[in-house]
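I opened my notebook to look a few things up in this structure. Come along and check each entry against the view.

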Amino acid sequence: MIAEADVSTDVKILKADLNNPKHASDIVKIVDLFARDPMGQDEPLDEEVRVDMIAEMKKVPTTMTYIAYASDKALGIVTCFVGFSTFTASKVFKIHDVAVHPDARGMGIGTMMLENIEEEAQEMGCSKITLEVREDNPARRLYEKQDFEYGDPKWYFMTKNLN
């Protein structure tokens, strides 16, 4: 169980070092917790994915993961990739995962991580931040409060599985 932390003073957001064994382990643990959630895939990650995740992330040079820590306890992660927009001729910060430990939800961890991401994207000269969210995910309220919009016209994220 995670004790109530004062988010403003006790929680720090670190840019993960994928070569750091603790960071790597914490990323896998938080993603696995998210995968087990109904908003994830409602089941744990495959063992092969758990083993390969960090090595495969290292192969993508624009990968950035941020970890929220209270002391040495990982409370959440945001994994992003830098892309490019031909419409703005500039970099785009693409949020792939936002995952908060189930025991830390509602404490402001997600807000803190998204505010950190926005600062990072601005410093990098990105024109926008994008993310995808399921229609039934209660985290939509967090994204709306952080001024994420659905777009006009409304955009849909589509998937074609290849394996």
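**Entry 1: Asp32.** I started with a single side chain in a predicted model. Is Asp32 buried or exposed? I found a relative accessibility of 5% for Asp32, so this residue counts as buried, because the cut-off for buried is under 20%. I then looked up where Asp32 sits, and its place is in helix α2. Next I asked which residues it touches beyond its neighbours within four places in sequence. Asp32 is in contact with Pro44, Leu45 and Arg50.

**Entry 2: α2 and α3.** Arg50 led me on to a pair of helices, since Arg50 of α3 and Asp32 of α2 both belong to the contact between them. I reminded myself that two packed helices are described by the angle between their axes and the distance between the axes. Here α2 covers residues 21-36 and α3 covers residues 47-58. Their axes come within 10 Å and cross at roughly 130°. That angle makes α2 oblique to α3. I also noted that the crossing of α2 past α3 is right-handed.

Which residues make the contact? From α2 I listed Ala24, Ile27, Val28, Val31 and Asp32. From α3 I listed Arg50, Met53 and Ile54. Sorted by class, this contact of α2 with α3 holds six nonpolar residues, two charged ones and no polar ones.

**Entry 3: the cores.** I remembered that in soluble globular proteins, nonpolar side chains tend to be buried together. So I looked up the largest nonpolar core here, which has 25 residues. Which of them touch the most other members? They are Val11, Phe93, Ile109 and Met113. The elements that give two or more residues to this core are the strands β1 (11-15), β2 (63-70), β3 (73-85) and β4 (90-100), together with the helices α4 (109-123) and α5 (140-145). The largest share, five residues, comes from α4.

Apart from this core I found another one, with 17 residues. Its members include Leu18, Ala24, Met57 and Ile77. I had already met Ala24 in the contact between α2 and α3.

**Entry 4: Asp97.** My last stop was a second aspartate, Asp97, which is found in strand β4. Its relative accessibility is 16%, so Asp97 counts as buried. Setting aside neighbours within four places in sequence, I found Asp97 in contact with Ile77, Val78 and Thr79. Ile77 is also one of the members of the 17-residue core. How far apart are Asp97 and Leu131? They are 34 residues apart in sequence and 8.3 Å apart in space, C-alpha to C-alpha.

Technical notes:
Residues numbered from 1 in each chain as written. Predicted model: local features only at pLDDT ≥ 70, side-chain atom pairs only at ≥ 80, totals over all residues. Heavy atoms only, no water. Core = buried A, V, L, I, M, F, W, Y, C linked by side-chain atoms within 4.5 Å. Buried < 20%, exposed > 50% of the residue type's maximum accessible area, 1.4 Å probe, protein only. Helix = DSSP H or I, 4+ residues; strand = E, 2+ residues; numbered from the N terminus. Axes fitted to C-alpha atoms, helices over the stretch in contact; angles between N-to-C directions. Parallel < 35°, antiparallel > 145°, perpendicular 65-115°, else oblique. Left-handed = near helix turned anticlockwise from the far one by under 90°. Contact = heavy atoms within 4.5 Å. Nonpolar A, V, L, I, M, F, W, Y, C, P; charged D, E, K, R; others polar.
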